[in-house]
Amino acid sequence: MKTGKNFLYRTITGALFLIAAAGFTACGNVEKDGEATFIGVNKDGSIRSEIVENFAEERYDKDELQTAILGELAVYNKKAGNNITVEKVEKDGDNIVVKMTYAKSADYAAFNKVDFFAGTAAEAGEAGYELNVVLSGVEDSKETVGKSDILAMENTGILITDVTDSIVLDGKALYTSDGVEVSSKGKTVRRIGEEKKLMYVIYSIK
C-alpha cells in the first residue's frame, strides 16, 4: 500500500494514484464501510471515488494536498472540459479523505493512468476492449457466458479494469472473470491475485 509520502509525491508530479482498498476478508465480505477507499460506478455513467490515506506525519498538510490535486485537475479539465470535480478534501484524525467525481469512466482511466471502463458491452467493444472472454456466474460458477452471450444481454453493464481498489456497482455482479472477489450481496467487487490483468464483471443495471 502506498504511503502518504508516495501518494502526495505522485499527485504533485502528475498522477493521482489510488491506494488499495481496505475491508476485504478471506470470506469475501467486501462491502464498503465509512473508512475504506473505494470507486463507485453510478447509473448515469459517472464515477465517484473516495480515497482514505494516512497523513499522520506533520510535514504533510491538507491544504498542500488539495492545492496539488486542484492543480492536476486544472490541467486535465482544460483539455477534457471540466469532467472531474473534487467534492471534498478533509482531515479525519490521522487520515486525509479525498472525494472526487468523474463525468465518465474514460476520465477516470485517463486521469489515473489505468484501464477502467464501465458501460454497455457494445460500448466496450467500440472502445477497443476484447470481449472474446469466458465469464463465470457469481451464484453458479459452472454457468459460463461468452462474447455472443455478453453482447446479447439486456439491462446489464460491463466493468473492465486493472485496478485493485474496491468497486461499488450500481447494481449486482452477475458474471466475472477469474481472480475477482465479490461481496456477499454482489454489489462490491475487487480484482485479486499477483498477476496484473484485466478484470471483467457483468452486472445488472437497476
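Helices here are DSSP runs of at least four residues, numbered from the N terminus. The model is a predicted one, and a good place to start is helix H3, which spans residues 105-112. Right after H3 comes Lys-113, with a positive phi near 55°.

H3 doesn't see much of the outside: 6 of its 8 residues are buried, so the rest of the structure largely encloses it. Those buried residues are Ser-105, Asp-107, Tyr-108, Ala-109, Phe-111 and Asn-112. They pack against quite a list of elements, including helix H2 (62-80), strand S1 (38-41) and strand S5 (116-119). H3 itself lies across S1, S2, S3 and S4, and runs at about 130° to S4.

As for the sheet, it is open and built from 7 strands, ordered S3-S4-S2-S1-S9-S12-S11, with mixed pairing. S3 and strand S11 (180-182) sit at the edges, each pairing on one side only. From one strand to the next, the twist averages 20°. S2 and S4 run antiparallel and are joined by 8 bridges; Arg-48, for instance, has Thr-101 in S4 as its bridge partner. H2 also packs on this sheet, where it touches S3 and S4, and its direction makes about 170° with that of S3.

Then there is the nonpolar interior. The largest core has 30 residues, of which Phe-116, Leu-159, Ile-167 and Val-189 touch the most other members. Beyond its neighbours within four places in sequence, Phe-116 is in contact with a set of residues that includes Ser-105, Tyr-108 and Ala-109, along with Ile-39, Val-41 and Ile-47. Another core, of 14 residues, lies apart from that one, and Ala-124, Val-145, Ile-160 and Ile-202 are among its members.

Methods. Residues numbered from 1 in each chain as written. Predicted model: local features only at pLDDT ≥ 70, side-chain atom pairs only at ≥ 80, totals over all residues. Heavy atoms only, no water. Buried < 20%, exposed > 50% of the residue type's maximum accessible area, 1.4 Å probe, protein only. Helix = DSSP H or I, 4+ residues; strand = E, 2+ residues; numbered from the N terminus. Contact = heavy atoms within 4.5 Å. Core = buried A, V, L, I, M, F, W, Y, C linked by side-chain atoms within 4.5 Å. Pairing = 2+ DSSP bridges. Axes fitted to C-alpha atoms, helices over the stretch in contact; angles between N-to-C directions.
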